[in-house]
Amino acid sequence: MTTKFEVNELQLHYGEFHALKQISLSIPERSVNALIGPSGCGKSTFLRTLNRMNDMISSVRVDGEIKLSGTNIYDTGMDVEELRKRVGMVFQQPNPFPKSIYENVAFGPRLHRKPGRKELDEIVEKSLRGASLWDEVKDDLHKSALGLSGGQQQRLCIARALAVNPEVLLMDESTSALDPISTLKIEELIQELKKDYTIVMVTHNMHQAARVSDYTTFFLNGEVIESSPTEKLFSTPVDHRTEQYITGRFG
Amino acid sequence: MSAKTANRVATIVIISVAVFIVALLAGLLGFILVRGIGHISFDFLTSAPQTIKAGGGIGPQLFNSLFLLVLTLIITVPLGVGAGIYMSEYAKPGRFTDFIRLIVEVLSSFPSIVVGLFGLLVIVNLFGLGFSLFSGALALTVFNLPLMVRITEQAIRGVPREQKEASLALGLSRWKTITSVMMPIALPTIITGTILASGRVFGEAAALLFTAGMTSPRLDFSNWNPLSPTSPLNPFRPAETLAVHIWKINSEGLAPDAAQIAAGASAVLVIVVLLFNFTARWFGRYMYKKLTASK
Ligand SMILES: Nc1ncnc2c1ncn2[C@@H]1O[C@H](COP(=O)(O)OP(=O)(O)OP(=O)(O)O)[C@@H](O)[C@H]1O
Ligand SMILES: [Mg+2]
């Protein structure tokens, strides 16, 4: 299996605070990777190094390297906007724009390369289908996205990310604000998406990690304690801290 | 005194102060409106003033006030919005932005008469722009620009972080994120703020006495060539605004009905400012509904 991300000795500081310590990790292509760990251990921080969303925060300093298909995304010549097109992101709270459903999905492609009306229609349909939302909204494309339910909004956000044709999808607790049925739908969707995309997801729900992911990485205090195939990590963890965490004895 | 009595006393004090303030405002407004409203007629609003005869109107003054407002907004909106975007999105917080913020605060709280005299010295005489609408607009810019900067900065800062991040995560540049995601969300707040700020511009007198001047040339309302000296659209002609007119007839009006004209003009001024306020509120609510509700 080819490697999508190769992380080498990654360090991240928020000012004086050492948030990520010596992280080395590889993420295989077209797989679902779960990041687990107690609150504040650096899961979101790590996830946001993969599309350089941490660049927004002026106190952040990153050392080490993250290779995406072989090129270090922290190289000085890296085009961050290009990187973010390749590495899409879905957030914890559904955050559709206050525009119509159609406009939300068309937003990225339209601003990147101004496709014609017909092509745009196709992209919108394909992306909504890709996010398993098409059947529910195909008659309401021009209604406000804010009228959708939370679960639908979150799938719309997935469709919006798919519309710019990424290779990777980052999801930061993207189901934690949703009801169980919407959560299940998104979990099924993730199984579909991994045929075409590499998925890295943060989750607080151990069952979710066990259900949907192929690989699981356990973070603690800014360090990677253990990273292995999900089945192995949950059945025979090597580190006793991993075992303690997954059996619910701390965190 | 027990906590309960203290609470009751405090509540009574706060309520009486509130009632007093509301009564004072209502009384003031009522007084101005009652005294002046009888004098307002279509003729009064459109005809030119008379120097010594009765029956003059405030047409040119009303026009001047509105035109001056438009001129001021043409100068301050682009600059203020631009600076506001810079302050909220680009400037690194530090001494420089603190300094700009200090200037903004100081400028917007400057006494108007000082700005008027400054305008007379620098804009009217030094730059040689004379008593003109344009000089007046520049003087008003001194108050209005800082307000516009602050309004824009706060509106942009008020955009939810999630919206900004959603756009950046799609690979949009910072500038495109500002123009296509943040500005549309901030716009209702900016427009509401602008309309409210316009009320102050409309009612300003002291800063205009020595910049826009206290006279209007005979205006020919059929002449729309902005370069002609008798055209109402010429920004380089002197122009007495409504607020200045009220001050002038109150202090040196010769017409026998000067008192009624002053009262009528004051009522018009108050009504227009109230109108600005209500429009701003209505517009803010309308845009909010439009942005959030599903159709
Ligand atoms: N902008 C920031 N500035 C300074 N410190 C930060 C910042 N963001 C996060 N941190 C710190 O970095 C550490 C890791 O935070 P992070 O959000 O990555 O944790 P997390 O594992 O995602 O937690 P959670 O499960 O609660 O979401 C925390 O101690 C947090 O306080
Ligand atoms: Mg987090």
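**Close-up views of ligand 1 and of chain B**

**View 1. Polar contacts of ligand 1 in the predicted model.** In this predicted model, an oxygen atom of ligand 1 has a polar side-chain atom of A:His204 at a distance of 2.6 Å, and the protein buries 63% of the 640 Å² that ligand 1 exposes when it is taken alone. An oxygen atom of ligand 1 also lies 2.8 Å from a backbone N or O atom of A:Gly40, whereas the contact with A:Tyr14 joins an N or O atom of its side chain to a nitrogen atom of the ligand, at 3.3 Å.

**View 2. The shell of residues around ligand 1.** The residues around the ligand include the run A:Ser39, A:Gly40, A:Cys41, A:Gly42, A:Lys43, A:Ser44 and A:Thr45, together with A:Tyr14, A:Phe17, A:Ile57, A:Glu173 and A:His204. Sorted by class, this shell holds 4 nonpolar, 6 polar and 2 charged residues. Helix α1 of chain A, which spans residues 43–49, supplies the largest share of the shell, with 3 residues.

**View 3. Annotated transmembrane regions of chain B.** An unreviewed UniProt entry places the feature "transmembrane region" at residues 12–34, 66–87, 99–123, 129–147, 181–202 and 258–280 of chain B. Among these spans, residues 12–34 are 100% helix and 0% strand in the model, and the C-alpha atoms at the two ends of the span are 32 Å apart. For residues 99–123 of chain B, the corresponding values are 88% helix and 0% strand, with 25 Å between the end C-alpha atoms.

Methods
Residues numbered from 1 in each chain as written. Chains lettered and ligands numbered in written order. Predicted model: local features only at pLDDT ≥ 70, side-chain atom pairs only at ≥ 80, totals over all residues. Heavy atoms only, no water. Near = heavy atom within 4 Å. Polar contact = N/O pair within 3.5 Å; in protein donor to acceptor, adjacent residues only side chain to side chain. Areas by Shrake-Rupley, 256 points an atom, 1.4 Å probe, with all protein chains shown as cover. Helix = DSSP H or I, 4+ residues; strand = E, 2+ residues; numbered from the N terminus. Nonpolar A, V, L, I, M, F, W, Y, C, P; charged D, E, K, R; others polar. UniProt positions renumbered as here; feature names shortened; annotations may be inferred.
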